[in-house]
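Biologist: I am new to this structure and would like a close look at a single part of it. Could you choose one strand and describe its surroundings with care?

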Amino acid sequence: MTGREGASFLENLRPEVDTILAKYPVEHKRAAVMPLLFLAQREEGFISPRAVRAIAEKLDLDPTQVGGLVGFYTLYTSRSLGRHRMQICTDLPCALRGAEEFARQVCQRLEVRPGETTADLAITVEEVMCLAACHRAPVFQVQDRDGLHYHESQTLETAMEWANRVQGEGAG
């Protein structure tokens, strides 16, 4: 792919890209990398190599620098996932409040393993570290086209109510 093809990806999102870039002084435009990655992911469902190259070119960064952020932050993904990313915190404080067992039961009910997507492509279940709500565990965040949504003090029943609702949205 040429740089021109990568740039055309951002051209299709120009009003939003311009709004994001306007928040940063020109000499610090590199700071817009995270919001631009989020925008790219919202559009494609994941961050493609094409989006990485386009963002790198727009911000005068090396594509490796941009790609490194995709690999580091759980907010981003470089592979196609379900319409809703259900990220269950299973770090130690949450595990002490039952999060590991909660995650196991959720996966069992949805008939997936951590990292997998339901057969209807509605939900990808992931285990993550620290959603900053240890005192309200089990907790999960959902990433979808509408942004981030937090679900705290969960039970298997409340989590399955959410899952049934979002799975039903895709059936119509």
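Modeller: What follows is a description of strand 3, its partners and the loop that comes before it. Please keep in mind that this is a predicted model.

Strand 3 covers residues 140-144, and five of its five residues are buried. The cover extends to both faces, since F140, V142 and D144 are buried on one side, while Q141 and Q143 are buried on the other.

Strand 3 pairs with two strands named here. Strand 1, residues 84-89, runs antiparallel to strand 3 and is joined to it by four bridges, with I88 standing opposite F140. Strand 4, residues 147-151, also pairs with strand 3 in the antiparallel sense, over five bridges, and in this pairing F140 stands opposite H151. Strand 3 and strand 4 together form a hairpin, with two residues between them.

The loop between strand 2 (123-128) and strand 3 contains P138, and the peptide bond that joins A137 and P138 is cis, with an omega of about -5°. C130 is found in this loop as well, and although C130 is not a glycine, its phi is positive, at about 65°. Because its relative accessibility is 45%, C130 counts as partly exposed. A132 lies in the loop between strand 2 and strand 3 too, and has a positive phi of about 60° without being a glycine. With a relative accessibility of 64%, A132 counts as exposed, because the cut-off for that term is over 50%.

Conventions
Residues numbered from 1 in each chain as written. Predicted model: local features only at pLDDT ≥ 70, side-chain atom pairs only at ≥ 80, totals over all residues. Heavy atoms only, no water. Buried < 20%, exposed > 50% of the residue type's maximum accessible area, 1.4 Å probe, protein only. Pairing = 2+ DSSP bridges.
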